[in-house]
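Please open the structure in your viewer and keep the sequence panel beside it, so that each selection can be followed in both places. The tour moves from single residues to the whole chain and then to a pair of helices.

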Amino acid sequence: MAAAPAGPSRTSSREEILNAAEEVFAARGYAGASMRAIAEAAGVAQALLHYHFRTKEGLFEAMFLRRAAAINRIRLARLDAMLARGRPSVEDIIEALLRPAVETGDEPLQGGARFAALILELTTADADWQRDLMARAYDAMATRFIDALMTALPGLDRASATWGYLFVVGAALSQMPTTGRAHRLSRGAADDADSDAMIARAIVFAAAGLRALAVPMPDAFET
């Protein structure tokens, strides 16, 4: 392997590149972002990007998996701790799923708003590598939470548990960035910067929906 280009340490440069890549990809989308623009944003030579990540696709994957893995580690650690104590409630499971994502959005240095934009782009992407990236980032974690929801609600079948999981995740994604919209719509009664208040309501809402799915009316979901 060729030697790394001279300049800052490889560790610091790699993190600087990933942070810059997150900003540029979120602002311009995958297609609109360029390795040159990312290098300029990171303040490093473009050759360093190719040394660490080889291609724009490789850089995007490393950038995305870094953030997804950090959030998922917290989610799974909370889920494992609850399961070790016994059978958690559906509310506890939902909180373990929601809170790490929402709290990431509350921390500017963690890039929650930018990461939410990147997830939205990936969920509508049609390239095979992008769909594979979503699967690698989330499917194993999602399966753990779906299984836990089915244990907490014995009447919940896998199809309904899967839909319920996706609905909850969709709600979390929309609330990762702090936009002030809740404050406007509520005429000041709600504040999306108050993550605890928002999460408390989201848990009540999601748990009620999941419990309703666990006892469906006959043929209610036939099409």
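A residue counts as exposed when its relative accessible area is over 50%, and as buried when that area is under 20%. Keep in mind that what you are looking at is a predicted model.

**First selection: Arg-54.** Select Arg-54, which sits in the loop between α3 (46–53) and α4 (56–85). Is Arg-54 buried or exposed? Its relative accessibility is 62%, and because the cut-off for exposed is over 50%, Arg-54 counts as exposed. If your viewer lists backbone angles, look at phi of Arg-54, which is near 70 degrees, a positive value in a residue other than glycine.

**Second selection: Arg-187.** Now go along the chain to Arg-187, in the loop between α9 (181–185) and α10. Arg-187 also has a positive phi, of about 55 degrees, although it is not a glycine. With a relative accessible area of 83%, Arg-187 is exposed.

**Third selection: the whole protein.** Show the chain as a cartoon and follow it from the N terminus: the protein has 10 helices and zero strands. Of the 223 residues in the protein, 40% are buried. If you consider the contacts between residues at least 6 apart in sequence, you will find that 70% of them join residues at least 24 apart.

**Fourth selection: α8 and α10.** Colour helix α8 (residues 158–175) and helix α10 (residues 195–214), whose axes come within 10 Å and cross at roughly 160 degrees. Angles over 145 degrees count as roughly antiparallel, and α8 and α10 are therefore roughly antiparallel to each other. The crossing in which α8 passes α10 is right-handed. Which residues of the two helices meet? On the α8 side, show Ser-160, Gly-164, Val-168 and Gln-175, and on the α10 side show Met-198, Ala-206, Leu-210 and Leu-213, since these are the residues that meet. Sorted by class, this contact of α8 with α10 holds five nonpolar residues, three polar ones and no charged ones.

**Last selection: confidence.** Finally, colour the model by pLDDT, for which the mean over the protein is 87, with 88% of the residues reaching 70 or more. Then select residues 6–10, where the pLDDT is below 50 and where the model has four contacts beyond near neighbours in sequence. Where pLDDT is low, predicted coordinates should not be read in detail.

Note on methods
Residues are numbered from 1 along each chain as its sequence is written. This is a predicted model: local features need pLDDT of at least 70, side-chain atom pairs count only at pLDDT 80 or more; totals for chains, interfaces and linings use all residues. Side-chain values use heavy atoms; hydrogens and water are left out. Axes are lines fitted to C-alpha atoms, for helices over the stretch in contact, and angles run from 0 to 180 degrees between N-to-C directions. Helices (H or I, at least four residues) and strands (E, at least two) are DSSP runs, numbered from the N terminus. Angles under 35 degrees count as roughly parallel, over 145 as roughly antiparallel, 65 to 115 as roughly perpendicular and the rest as oblique. A crossing is left-handed if the near helix is turned anticlockwise from the far one by less than a right angle, and right-handed if clockwise. Contact means heavy atoms within 4.5 Å. Ala, Val, Leu, Ile, Met, Phe, Trp, Tyr, Cys and Pro count as nonpolar, Asp, Glu, Lys and Arg as charged, and the others, Gly among them, as polar. pLDDT is the predictor's confidence in each residue, from 0 to 100. Buried means under 20% relative accessible area, exposed over 50%, partly exposed in between (1.4 Å probe, protein chains only).
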